[in-house]
Amino acid sequence: MAHQATPSSQKALMMELKSLQEQPVEGFRITLVEESDLYNWEVAIFGPPNTLYEGGYFKAHIKFPVDYPYSPPTFRFLTKMWHPNIYENGDVCISILHPPVDDPQSGELPSERWNPTQNVRTILLSVISLLNEPNTFSPANVDASVMFRKWRDSKGKDKEYAEIIRKQVMSTAAEAERDGVKVPTTLAEYCVQTRVPSQDSSSDLLYDDLYDDDMEEEDEDEDESEMESVGEAGGMSSVEDGGTSTRRYDNQDDSGNEDS
Amino acid sequence: MKVKVKQWNGVASWLWVANDENCGICRMPFNGCCPDCKVPGDDCPLVWGQCSHCFHMHCILKWLNSQQVQQQCPMCRQEWKFKE
């Protein structure tokens with residue numbers, strides 16, 4: 001690679017990878033394809049319990065462009081997938097992975113497409129919901145789409161679609177074993193216990209304060225009516241006290257310094 | 001006891017007053033700078049849209065300039081207009 005200033009995508013990817021490994025998305029495990037390459041990620045996906053994909057272990061690669069997050073990554077399944085919105089080669093077709101160019105042929109609004117506030121987390125959530133809820137309006141695999149519609153419209157009587165998927169799911173067992181992975185098959189196992197980040201609590205307070213300041217101009221009318229009610233009932237005064245008491249505490253601190 | 005101050009150094013701190021902590025585009029803290037800048041502060045300012053969403057100026061400009069279609073806030077997809 002040519003020697004140049006670190007592209008900003010590298011920082012963004014590093015942060016996302018860290019966040020996804022510390023607070024994973026249910027049913028996904030993320031690693032780098034090669035330790036040294038931040039632009040190629042490997043995703044292992046567990047089929048959600050109580051669906052056709054239960055017990056499945058699917059592999060995919062996410063490839064990021066150098067100008068990420070200004071351009072979207074690509075998402076390609078390595079495991080064979082029979083699905084209306086997954087191409088023969090494994091490429092996933094979802095609108096948020098498409099750059100927002102004006103293309104009236106696609107049937108996708110620019111507003112449904114990629115933008116730089118999308119991230120791997122939102123992509124993974126889109127992919128997992130896509131598995132069980134294919135979009136038959138713009139199929140990438142027409143045969144799979146027709147078959148899926150027959151299965152859905154016959155309320156499961158036409159079993160061809162379901163059988164192909166179950167077969168594919170079964171055939172992923174070998175790969176899971178090779179990787180030493182036990183695929184979760186109950187909801188309890190599947191759901192990751194998410195830890196609530198605690199270090200943010202102080203900054204949340206700050207956020208609330210600033211946000212309140214911001215809102216004041218817009219809520220002028222409401223403020224006036226609130227003031228009246230406070231004057232009459234004094235119901236709001238406890239909230240006010242909470243705010244001023246901290247301020248008073250600070251002041252005491254200051255005056256203490258002056259004394260000595 | 002009388003003390004004569006011979007020298008003193010003023011120290012100040014500053015913060016951007018944004019209603020979020022990180023820029024939604026580059027994901028860096030607002031009080032830092034965008035990934036293309038080295039020094040936080042007036043050289044890497046924040047800008048607000050009329051939709052009230054806030055970004056590093058460099059980040060939102062880079063995004064808006066790459067769009068041929070209607071320019072939208074990447075957060076809420078409303079038409080992007082700079083807040084005065």
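Is B:Cys73 buried or exposed? With a relative accessibility of 1%, B:Cys73 counts as buried. The model shown in these views is predicted.

**View 1. Cysteines of chain B without disulfides.** Over all chains, the count of disulfides comes to 0. B:Cys44 is part of no disulfide, and the nearest cysteine sulfur, belonging to B:Cys37, is 3.8 Å away. The relative accessible area of B:Cys44 is 0%, so this residue is buried. For B:Cys73, the closest cysteine sulfur is that of B:Cys51, at 3.7 Å, which is too far for a bond. A disulfide is a covalent bond between the sulfur atoms of two cysteines. The cut-off used for such a pair of sulfur atoms is 2.5 Å.

**View 2. The surroundings of B:His56.** B:His56 belongs to strand S2 of chain B, which covers residues 54–56. Its relative accessibility is 0%, and therefore B:His56 counts as buried. Leaving out residues up to four places away in sequence, B:His56 touches several cysteines, namely B:Cys23, B:Cys26, B:Cys33, B:Cys34 and B:Cys44. Further residues that B:His56 touches include B:Met28, B:Pro29, B:Phe30, B:Gly32, B:Pro45 and B:Leu46.

**View 3. The largest nonpolar core.** This core has 46 residues. Those with the most contacts inside the core are A:Trp41, A:Tyr53, A:Phe75, A:Phe77, A:Val120 and A:Leu124. Elements of chain A that each supply at least two residues of the core include the strands S1 (28–32), S2 (40–46), S3 (57–63) and S4 (74–77). Helices H1 (8–22), H2 (120–132), H3 (142–153) and H4 (160–170) of chain A also supply at least two each. The largest share, 7 residues, comes from H2 of chain A. Another core, of 22 residues, lies apart from this one, and among its members are A:Tyr70, B:Leu46, B:Val47 and B:Trp63.

**View 4. A:Tyr53 and its contacts.** A:Tyr53 is one of the residues with the most contacts inside the largest nonpolar core. Leaving aside neighbours within four places in sequence, A:Tyr53 is in contact with residues including A:Gly47, A:Pro48, A:Phe58, A:Met81, A:Trp82 and A:His83. Others in contact with A:Tyr53 include A:Leu131, A:Asn132, A:Tyr161, A:Ile165, A:Arg166 and A:Val169.

**View 5. Strands S3 and S4 of chain A.** These two strands pair in the antiparallel sense, over 4 bridges. In this pairing, A:Ile62 has A:Phe75 of S4 as its bridge partner. In a regular strand the side chains alternate between the two faces of the sheet. Along S4 of chain A, A:Phe75 and A:Phe77 point to one face and are buried. A:Thr74 and A:Arg76 point to the other face and are not buried.

**View 6. The annotated position A:Cys93.** An unreviewed UniProt entry places the feature "active site" at A:Cys93. A:Cys93 sits in the loop between S4 and H2 of chain A. Its relative accessibility is 12%, so A:Cys93 counts as buried. Not counting residues up to four places away in sequence, A:Cys93 touches A:Asn85, A:Tyr87, A:His98 and A:Ala140.

**View 7. A:Gln118 and residues of both chains.** A:Gln118 is placed in the loop between S4 and H2 of chain A. At 12% relative accessibility, A:Gln118 counts as buried. Neighbours within four places in sequence aside, A:Gln118 is in contact with A:Tyr68, A:Ile96 and A:Arg113, and also with B:Arg27 and B:Arg77.

**View 8. A:Ile164 in helix H4.** A:Ile164 lies in helix H4 of chain A. With a relative accessible area of 27%, A:Ile164 is partly exposed. Residues up to four places away in sequence not counted, A:Ile164 touches A:Trp82 and A:Met147. Between the C-alpha atoms of A:Ile164 and A:Leu13 the separation is 36 Å, and the two residues are 151 residues apart along the chain.

**View 9. Confidence along chain A.** Chain A has 9 helices and 4 strands, and 33% of its 260 residues count as buried. The mean pLDDT of the chain is 77, with 68% of residues at 70 or more. Among the elements of chain A, S4 has the highest mean pLDDT, 96, and helix H9 (residues 237–259) the lowest, 42. Over residues 200–260 of chain A, pLDDT stays under 50, and the model has 11 contacts beyond four places in sequence for this stretch.

Methods:
Residues numbered from 1 in each chain as written. Chains lettered and ligands numbered in written order. Predicted model: local features only at pLDDT ≥ 70, side-chain atom pairs only at ≥ 80, totals over all residues. Heavy atoms only, no water. Core = buried A, V, L, I, M, F, W, Y, C linked by side-chain atoms within 4.5 Å. Buried < 20%, exposed > 50% of the residue type's maximum accessible area, 1.4 Å probe, protein only. Contact = heavy atoms within 4.5 Å. Pairing = 2+ DSSP bridges. pLDDT = per-residue confidence, 0-100. UniProt positions renumbered as here; feature names shortened; annotations may be inferred.
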